[in-house]
Amino acid sequence: MTKTNNYPKIGIRPIIDGRLGGVRESLETTTMNMAKNVAKLFSEQLKYPDGSPVECIMPDFCIGGVKEAVECGSLFSTQNVGVSLSVTPCWCYGTETMDMDPQLPKAIWGFNGTERPGAVYLAATLAAHNQKGLPAFGIYGEDVQDLDDSQITEDVQKKLLSFARAGMAVALMKNRSYLAIGSVSMGIAGSMIDPDFFQDYLGMRNEYVDSSEVLRRIEHEIYDKEEFTKALEWTKKNCREGQDFNEKEKQRSTEQKEEDWEFVVKMTLIIRDLMEGNPKLKKIGYGEESHGHDALVSGFQGQRQWTDFLPNGDFSEAILNSSFDWNGIRAPYMVATENDALNGVSMLFNYLLTNTAQIFADVRTYWSPSAVKRVTGWQPDGIASEGFIHLINSGSATLDGTGQQSKDGKPVMKSFWEIDQNEVDACLKATTWYPANLGYFRGGGFSSNFLTKGGMPVTMCRLNLIKGLGPVLQIAEGHSIDLPEHVHKTLDERTDRTWPTTWFVPKTTGKGAFANVYSVMNNWGSNHGAISYGHIGHDLITMASILRIPVCMHNVEEERIFRPSAWNAQGMDKEGSDYRACKNYGPIYGMK
């Protein structure tokens, strides 16, 4: 991920009763301290993708009227503010002080106190936002506090942080690019790039290069040769090659496999350089190539035209999607298999909310308890008693997905700055690189194989485009699980023993798409899913509401859901109101 010192910032707007002569003067310190406390919370709890604390910007004055509101807006425009939060402990003048920027995600925290009714300002100004078509989130504490109480209560903190995480994710996408390397893979709809979706809903650009650009750079040696030598040495030392399961007469020779290793390592360098650029390329005479495409996420077509005669992209995708390589521990890249841009965006959503690597997988098979018993003799029990879903794809999943990182003795997937070298070594040791299945990949290459540790809370999501409706988001919170070794081996090898596996059990609710595990699989809208560590469905819902993308399927408890105030006016059915609100307001960057 390209590091930059120009990440978007959170703008905090201290709002005050503008009446001089005793009222405003008595509230200046309280109001400014309220804003400073929120800034402290954000800087302590939220981080940019490079691990640095999120920055907050606020004026050195309180906003008591339109002149100060305009001055604050001017300040924000010069400071790359991407998210706007207004805070107040008191009654103020709503339309005179509100944020009028139509593209900034915005929220208001109205302090729940009786001395000065911040909640009244909150209600009045949310009404103004709704009347003017400028959706805003309302934050209001459950318990009355004293005016001099500087504590941010736990319920308010949760809403502040959820809004800020989602708002920052939206801001971090704006003006960045999706890079398609190649075109449509095997007729997969997600790799049919829809530039209007990227532009209108995400504020992103689309960049394209033909797959032949990768081959050109390999043949013309347009990469850092010193880094290639380092990378190849690291790969040979740390990436264990497994048994070749191809038919003996079809197996590639030892010399061919050595050449394949060199080829896929070069591919990895090149795909990264295509995404973010590399100043070293300019030094060897390739100034244009040194710039890259400013891609926050990319996709590699691979199948079929490429993989029918050249090594596959599994190694490159898996290493780039991981939080480490030959240069050490680093932020993961988001690279979608088969150029499935919609799953790439799903990975990106998860990543920007968590700063953790993402598993790209096929949502391949639902195993019912009876089917498992018939095939293996084992009766699923415990969390797996209703069956489970086999998540597996051809070796492109992040190596972080092994579950070899740990916290408090439990398997986790961490932000890169929390990972230590022992955990990197464990992830690499848990992964075997098998010569690619030549039935799928005639040009050779290698696929990663690992088994995700059970016991991790995870969230799977998927973005789909629906004709006449637009984008919709699916979300399934659940857990990775362990199976008895013989059960895993029997079930796994029915698909492909050279690919990585995650056994997944979604939380079920007994109704709708989450009536049972089968219904989750049966209602999933595509062949792919993006899997993140943690139960982050509520943050995905908050972010989707900012982007005006309705959520068509989720198992997040109602009390965790946080959407803009205007959604409450669209009807009492929460999911129906989400659809109506998203249609009413339209994409945040779309032309109306």
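Q: How many cavities of 30 Å³ or more does the count give?
A: Start with the general idea. Rolling a probe the size of a water molecule over the atoms shows where empty space is left. Now the case here. This is a predicted model. The count comes to 3 cavities of 30 Å³ or more.

Q: What volume does the largest cavity have, and which residues are the closest to its centre?
A: Its volume is about 70 Å³. The largest cavity is lined by 13 residues. Closest to the centre are G302, Q303, D314, E317 and T337.

Q: Let's turn to sheets. Which order do the strands take in the open sheet of 3 strands?
A: The general idea comes before the case. Strands of a sheet pair through backbone hydrogen bonds, either parallel or antiparallel. Here the order is β8-β17-β18, and the pairing is mixed. Two of these are edge strands, β8 (240-241) and β18 (446-449). Each of them pairs on one side only.

Q: How many bridges join β17 to β18?
A: Strand β17 covers residues 432-435, and 4 bridges join it to β18. The two strands run antiparallel. For a position to look up, take W433: it stands opposite S448 in β18.

Q: Which helix lies across β8, β17 and β18?
A: That is α9. Helix α9 runs at about 75° to β18.

Q: Now a helix and its cover. Which residues of α7 are buried?
A: Helix α7 spans residues 212-219. Its buried residues are E213, V214, L215, R217 and I218.

Q: What covers the buried residues of α7?
A: The cover includes strands β6 (177-181) and β7 (205-209). It also includes helices α9 (254-276), α10 (279-283) and α11 (287-290).

Q: What phi does E221 take, just after α7?
A: A positive one, of about 55°.

Q: Last, a single residue. Is S480 buried or exposed?
A: Place S480 first: it lies in strand β20, residues 470-480. The general idea is a cut-off: buried means under 20% relative accessible area. S480 has 3% relative accessibility, so it counts as buried.

Q: Which residues does S480 touch, leaving out those up to four places away in sequence?
A: S480 touches T452, K453, G454, G455, M456, V458, T502 and W503. With K453 there is a further detail. The side chain of S480 reaches the backbone oxygen of K453 at 2.8 Å.

Q: How far apart are S480 and F504 in sequence and in space?
A: In sequence, S480 and F504 are 24 residues apart. In space, they are 4.7 Å apart, C-alpha to C-alpha.

Note on methods:
Residues are numbered from 1 along each chain as its sequence is written. This is a predicted model: local features need pLDDT of at least 70, side-chain atom pairs count only at pLDDT 80 or more; totals for chains, interfaces and linings use all residues. Side-chain values use heavy atoms; hydrogens and water are left out. Buried means under 20% relative accessible area, exposed over 50%, partly exposed in between (1.4 Å probe, protein chains only). Helices (H or I, at least four residues) and strands (E, at least two) are DSSP runs, numbered from the N terminus. Contact means heavy atoms within 4.5 Å. A polar contact is a pair of N or O atoms within 3.5 Å; within protein, one must be able to donate a hydrogen and the other to accept it, and residues adjacent in sequence count only if both atoms are side-chain atoms. Two strands pair if DSSP finds at least two bridges between them. Axes are lines fitted to C-alpha atoms, for helices over the stretch in contact, and angles run from 0 to 180 degrees between N-to-C directions. On a 1 Å grid over the protein atoms alone, a cavity is a set of points where a 1.4 Å probe fits but cannot get out, and a pocket is an open set with protein on both sides within 12 Å along at least five of seven lines; lining residues have an atom within 4 Å of a point. Grid points are joined across faces, edges and corners, and a volume is the space filled by probe spheres set on the points.
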